[in-house]
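Got your viewer open? Load the model below and keep the selection tool handy.

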Amino acid sequence: MHSTFHSKLPEVGSSIFSQMSQLASEQQAINLSQGFPDFGCDLFLLQQLAAFSQQGLNQYAPMAGILPLRQQIAALIARCYRQQVCPEQQITVTSGATEALFCAIQALVRPGDEVILFDPAYDSYAPAVQLAGGHCVHIALTAPDFKVDWQQVADSINRNTRLIIVNSPHNPSSQVFSTDDWQQLQRLVCQHGLYCLSDEVYEHMVFDGRPQLSALCFADLAARSLVVSSFGKTFHVTGWKLGYCVAPVALMAEFRKVHQYVTFSSFTPAQFAVAAMLEQHPEQVSGLAAFYQQKRDCFVVALAASRFKLLPAQGTYFQLADYSAISEQPDVEFCRWLTIEHKVAAIPLSVFYRQPPAQRLVRFCFAKDGQTLLQAAEVLCRL
């Protein structure tokens with residue numbers, strides 16, 4: 001007897017991030033594709049991790065995360081956004097931001113619900129919606145400004161619309177929501193009784209004096225939002241897979257119902273280490289924007305003589321570049337050519353779209369050592 005297996009995610013394969021990092025490794029190329037630093041984290045954080053592990057704090061943490069860390073998260077939110085959240089009932093520590101995004105979507109989305117996404121979008125959103133039985137409504141944003149047309153969003157809302165997923169600072173475009181963007185989002189969410197999932201993993205990387213804003217800053221929006229953040233991004237330890245979600249009490253209760261059956265709890269000694277870092281070295285967070293703005297500026301200056309046209313990067317640690325003056329190849333082919341023939345890896349922008357527009361853009365990651373950025377720029381300037 002033979003049976004046919006039907007995949008729940010028939011169109012999903014290995015992510016472009018895994019593909020390009022593997023190709024970069026095979027080609028011994030400079031990897032500016034996947035978004036991880038090639039430099040170490042603060043020594044204090046490593047010392048704390050070792051100390052707490054050696055103290056025997058290696059067993060299951062509480063399902064919601066250790067209370068000292070949740071208290072430090074609440075204090076961080078108060079410093080950054082002047083908002084008060086309850087560490088006991090409104091914060092849950094997760095195994096990375098991707099887990100938090102998945103749990104939030106499973107908690108909110110029901111079969112037949114529609115979820116509005118803005119393309120280019122991080123690749124974990126749509127599969128999670130699909131697994132929940134929902135349907136994605138993709139609204140394409142285009143270069144150079146990748147601005148949301150809120151009238152188009154309003155026109156896309158119907159009786160089946162349940163959730164809007166936003167991401168600011170935005171990966172991959174590096175754009176940041178303005179106050180008006182947040183207010184427009186708040187108006188639509190409240191007017192139509194929707195929910196918002198706000199992916200804010202790059203929240204502390206906002207450049208050029210722009211205000212650092214969050215869904216938490218807008219009371220009516222916050223009342224209907226789950227906000228996701230990442231310690232891996234903030235403290236240069238993406239391999240620790242440690243993030244968190246903030247939500248109103250009722251939404252957090254639903255979130256935790258899912259979380260407890262996905263990972264239950266997260267890396268215990270790392271939770272204690274991050275709590276100590278937040279308490280004793282808050283400058284590691286407050287100084288992050290200046291740290292990455294310097295790297296952005298270094299990379300931009302180094303590429304000034306190249307034929308790439310660089311788009312404005314308002315936040316994150318990504319830089320978009322238009323390669324139209326260099327090649328007419330589609331962006332996936334261009335990135336493979338760039339990696340194989342010139343030993344610099346990038347990410348093609350088209351993979352972040354359901355229906356990519358006619359544009360030739362690639363994404364470089366500048367969360368790299370200065371020497372790495374200069375070596376890559378030297379190659380790119382020869383194209």
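Here is a short tour, one selection at a time.

Before you click, know that this is a predicted model: local features need pLDDT of at least 70, side-chain atom pairs count only at pLDDT 80 or more, and totals for chains, interfaces and linings use all residues. Residues are numbered from 1 along each chain as its sequence is written, and side-chain values use heavy atoms, with hydrogens and water left out.

**Stop 1: helix α15**

Select residues 370-380, which make up helix α15. Helices here are DSSP runs of H or I with at least four residues, strands are runs of E with at least two, and both are numbered from the N terminus. Now colour T372, L373, A376, A377, V379 and L380: these are the buried residues of α15. Buried means under 20% relative accessible area, exposed means over 50%, and partly exposed is in between (1.4 Å probe, protein chains only). Why do they sit on the same side of α15? Because they cover an arc of only 155° around the axis, where the arc is that of the directions from the helix axis to the C-beta atoms.

Next, show what covers them: the list includes β1 (30-31), α13 (288-302), α14 (331-342), β11 (344-345) and β13 (361-365). Then zoom in on the start of α15, where a side-chain oxygen of D369 comes within 3.0 Å of the backbone nitrogen of Q371.

**Stop 2: strand β2**

Jump to residues 91-94, strand β2. Its two faces are both covered, with I91 and V93 buried on one side and T92 and T94 buried on the other. Add residues 243-246, strand β8: it runs antiparallel to β2, and four bridges join the two. (Strands pair if DSSP finds at least two bridges between them.) Click T94 and look across to G243 in β8, which stands opposite.

**Stop 3: Q186**

Pick Q186, in helix α7 (residues 179-192). Is Q186 buried or exposed? Its relative accessible area is 16%, so Q186 is buried. Leaving out residues up to four places away in sequence, Q186 touches F218, A219, D220 and L221, where contact means heavy atoms within 4.5 Å. A polar atom of the Q186 side chain lies 3.0 Å from the backbone nitrogen of L221.

**Stop 4: the cysteines**

How many disulfides does the structure hold? Zero, with a disulfide being a pair of cysteine sulfur atoms within 2.5 Å. Try C190: its closest cysteine sulfur, in C196, is 10 Å away, too far for a bond. C381 is in no disulfide either, as the nearest cysteine sulfur, that of C298, is 12 Å away. C190 is partly exposed at 36% relative accessibility, and C381 is partly exposed at 26%.

Technical notes. Polar contact = N/O pair within 3.5 Å; in protein donor to acceptor, adjacent residues only side chain to side chain.
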